[in-house]
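Trainee: Could you take me closely through one part of this model, the surface that meets the nucleic acid, and then place that part in the context of the rest of the assembly?

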Protein chains: 2
Amino acid sequence: MTKGRVTVIDIAKAAGVSKSTVSLVLQGSPLVNEGTRSKVNAAMRELGYVYNRGAANLRQTSAKSKIIGVVVNDLTNSFFAELAVGVDMVVQSAGFVQFLSNTSESIDRQREVIASMREHGISGLIVSPARATEAADFKPLVAADIPVVVVVRSLPGTKVSSIVSDNQGGTFAAVEHLASLGHTRIAFLGGFPDTAVFEERLAGYVDGVTVAGLGFNEELVVSSAPSRAGGSDAIGRAMAMSDRPTAAVCFNDAVAFGVCDGLRARHLEPGRDFAVIGFDDVIEAQTAVPALTTISVDPQSMGRRAAQLLLKQINAGKAEPESVTTAVRLVVRESCGAAQKKTGRKMA
Amino acid sequence: MTKGRVTVIDIAKAAGVSKSTVSLVLQGSPLVNEGTRSKVNAAMRELGYVYNRGAANLRQTSAKSKIIGVVVNDLTNSFFAELAVGVDMVVQSAGFVQFLSNTSESIDRQREVIASMREHGISGLIVSPARATEAADFKPLVAADIPVVVVVRSLPGTKVSSIVSDNQGGTFAAVEHLASLGHTRIAFLGGFPDTAVFEERLAGYVDGVTVAGLGFNEELVVSSAPSRAGGSDAIGRAMAMSDRPTAAVCFNDAVAFGVCDGLRARHLEPGRDFAVIGFDDVIEAQTAVPALTTISVDPQSMGRRAAQLLLKQINAGKAEPESVTTAVRLVVRESCGAAQKKTGRKMA
DNA sequence: ATTGCAATTTGGAACGATCCAAATTATTGC
DNA sequence: GCAATAATTTGGATCGTTCCAAATTGCAAT
């Protein structure tokens, strides 16, 4: 076998040209003669050449590394996994590769990960920030002219682009729908109150009950962990009230599933005895029993949009911060009691 | 602001030493004087220095890039997301970063992704291969002395390490348990027959029914897509038989959930009227209603083990192929009818 | 043939780090 | 105080690629 790795010089020797010509072929320059090009390509195949991007990046001061970094706060949550898949799609087809890391909501981990990505010379970053992230965390990136797109959670005070879903509009639509079904005591369940997302979704809820003429009653807001267990907990506390709610808008789908669990444990059937609406439209929402009425945000297309925006900024050279809020829509299924029985789930 | 990027030479100048000394500091060499070290570190902080790993890798023939590649066939599936998180944990704490890509079962995508990773100089690869992957796909990697660890799906004929769970042992235990509860017509539902995993799980099922003295009946094996929809489909076909099964071992948890859906659609309650056992123990298994009895494989610890094995091989310099099968265990919950009511799900 | 002009090709000189051997400085024993 | 030794520090040379200016080639027109 060959001792060291195969370099452009080996190829040049084998094809009887200079290393400069090989380099020209590598970058698909139109300057090189068709005959030479194929000779060089043949030699590359012959010797099993692998392009060394590290060396290339070293020389090209301006050009890019073809790496984009993706940082998410919880990959275990299928919402973020889908988001990453969406990003990967467009990033891959643009000839970039994805550096994906998970922070598990740890701000320290996030810092480490971003530092490491910088060392590797990422040409852009998409990040769903960990809970305690501050605007200052991205200062060095923007100073180095590395485009950053923040997704899912907005970060007040930053000069970077962001893509968030229309949280307020979503919960507003949910409340509106429940009110139209005749509910008058509608709860807002789950989520940690110290997050921007919580605030936005709660604001939509408040708007909703106000516009529907039900009035805002703080007692009906029950926060909890944004998880299935948290949802089960929240509905427990809600049902312990003297004047119980008959419907709930949940912080997200995980909470909504937990609420359903909790209702069943109390011999109440979600969708019949109590209306439940989630948020996110995770993949299980449509196959669960009862199928979950929820606000659909389509994380995958959100990921795609984030990647497109980032690539645009990378190509433009200059990162003009842009804020996008993606539309959401209410998907009516069974859990809200608006029995749409025609959405056939007879068999698969 | 500074024009170009900050290099070791800038640091050297600022700290009043030579670039060689700065380099020594960078690699934490014990040769350098404590006083100089802190002077250099101060200068680095001052100027906002970022280490250029690309340049470093160029020189160090032997040493590695601190990048490890991770390729999964379906990141949308939370099993693989958890696996990736497990890998990330140990990889990160070893000072490496993860290059994660998703192939969506596309062999072409997989090839592209691996080629791209090679160009970036990964020092190792962990891969859950796409369906049609051949042993030859990894030849160039092993020829280049890049350690490869195949996870989840074994790949016959490769000279690379692999970590798979004890599929056969898992389904065997599941059948044994169902037989001990008195079931005599036990079906095997879901999964694509052309995969190694399917074969192994089926083999465990066949062993199980044979050992239990029930005899193997091919009719009771119903394959389908390994998804929730597939499970719903499979149970539909199983219940259409003249002599219906009363219990099922499912290819995985997704199928098992689909089976539960299908049973409910036929007004049968899983766990009471029909026993269901899954495989994987995904996160939802314990909170679902009824809680799913399943074979636990703990993808996260599998990811951790894969990463540990890979790092071991990277550090050893030479990759001695190793095959590990990780133990699985039967987690008895409600869906098999062995009512363990004490596993309190009163509230959270 | 010789010139002019476009089409190709080509040797260095970078890029930012590491390595090596050799130089410098500090410390010790006598 | 001086040689011997240990502890630090330091200039190139180098990794594999791209860039640049300059050289070579081909070919039509003179």
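Mentor: What follows begins at the DNA, goes on to the relation between the protein copies, and ends with the sheets of one chain.

The model is predicted, and every distance below should be read with that in mind. Around DNA strand C there are 28 residues, of which A:Thr21, A:Arg59, B:Val8, B:Ser23 and B:Tyr49 are the closest. By class, the residues of this surface comprise 12 nonpolar, 11 polar and 5 charged. When the atoms of DNA strand C within 4 Å of the protein are sorted, 64% turn out to belong to sugar or phosphate, and the rest to bases.

Individual polar pairs show both kinds of approach to DNA strand C. On the phosphate side, an N or O atom in the side chain of A:Thr21 is 2.7 Å from a phosphate oxygen of the strand, and an N or O atom in the side chain of B:Tyr51 is 3.1 Å from a phosphate oxygen. On the base side, the side chain of A:Arg59 places an N or O atom 2.6 Å from a base nitrogen of DNA strand C. As for secondary structure, helix H2 (19-26) and helix H4 (53-59) of chain A, together with helix H2 (19-26) and helix H4 (53-59) of chain B, each supply at least two residues of the surface near this strand.

DNA strand D can be read in the same order of topics. It has 28 residues around it, and A:Val8, A:Ser23, A:Tyr49, B:Thr36 and B:Arg59 come nearest. The surface near DNA strand D divides into 12 nonpolar, 11 polar and 5 charged residues, and 64% of the atoms of DNA strand D within 4 Å of the protein belong to sugar or phosphate, with the rest in bases. A polar side-chain atom of A:Tyr49 lies 2.3 Å from a phosphate oxygen of DNA strand D, while A:Asn52 uses a backbone N or O atom, which lies 3.4 Å from a phosphate oxygen of that strand. From chain B, Lys19 is involved with a base: a polar side-chain atom of B:Lys19 lies 2.9 Å from a base oxygen of DNA strand D. Here too, H2 and H4 of chain A and H2 and H4 of chain B each supply at least two residues of the surface.

The relation between the two chains comes next. A turn of 180° with a shift of 0.0 Å along the axis lays chain A on chain B with an RMSD of 0.2 Å. The two copies are thus related as by a two-fold rotation axis. Of the interface residues of chain A, 100% are also interface residues in chain B, so the copies meet through the same surface.

Away from the DNA, let us turn to the sheets of chain A. One is an open sheet of 6 strands in the order E2-E1-E3-E4-E5-E11, with parallel pairing. Its edge strands are E2 (97-102) and E11 (323-326) of chain A, each of which pairs on one side only, and the twist averages 15° from one strand to the next. Within this sheet, strand E1 (residues 67-72) of chain A is joined to E2(A) by 6 bridges in the parallel sense, and A:Val70 stands opposite A:Leu100 in E2(A). Helix H6 (residues 107-119) of chain A lies across E1, E2 and strand E3 (124-127) of chain A and runs at about 175° to E1(A).

Another open sheet of 6 strands in chain A has the order E7-E6-E8-E9-E10-E12, and its pairing is mixed. Strand E7 (221-222) and E12 of chain A stand at the edges with a single partner strand each, so one side of each is left without a neighbour in the sheet. Helix H9 (residues 196-211) of chain A packs on this sheet, touching strand E6 (186-189), E7 and E9 of chain A, and its direction makes about 175° with that of E6(A). Helix H11 (residues 253-265) of chain A also packs there, touching E6, E8, E9 and E10 of chain A, with its direction at about 155° to that of E9(A).

The mixed pairing can be followed strand by strand. Strand E9 (residues 275-280) and strand E10 (residues 293-296) of chain A pair in the parallel sense over 4 bridges, with A:Ile277 opposite A:Thr293 in E10(A). By contrast, E10(A) and strand E12 (residues 329-331) of chain A run antiparallel and are joined by 3 bridges; in E12(A), A:Val331 is the bridge partner of A:Thr294.

Conventions:
Residues numbered from 1 in each chain as written. Chains lettered and ligands numbered in written order. Predicted model: local features only at pLDDT ≥ 70, side-chain atom pairs only at ≥ 80, totals over all residues. Heavy atoms only, no water. Near = heavy atom within 4 Å. Polar contact = N/O pair within 3.5 Å; in protein donor to acceptor, adjacent residues only side chain to side chain. Nonpolar A, V, L, I, M, F, W, Y, C, P; charged D, E, K, R; others polar. Least-squares fit on C-alpha atoms with pLDDT ≥ 70 in both. Contact = heavy atoms within 4.5 Å. Pairing = 2+ DSSP bridges. Axes fitted to C-alpha atoms, helices over the stretch in contact; angles between N-to-C directions.
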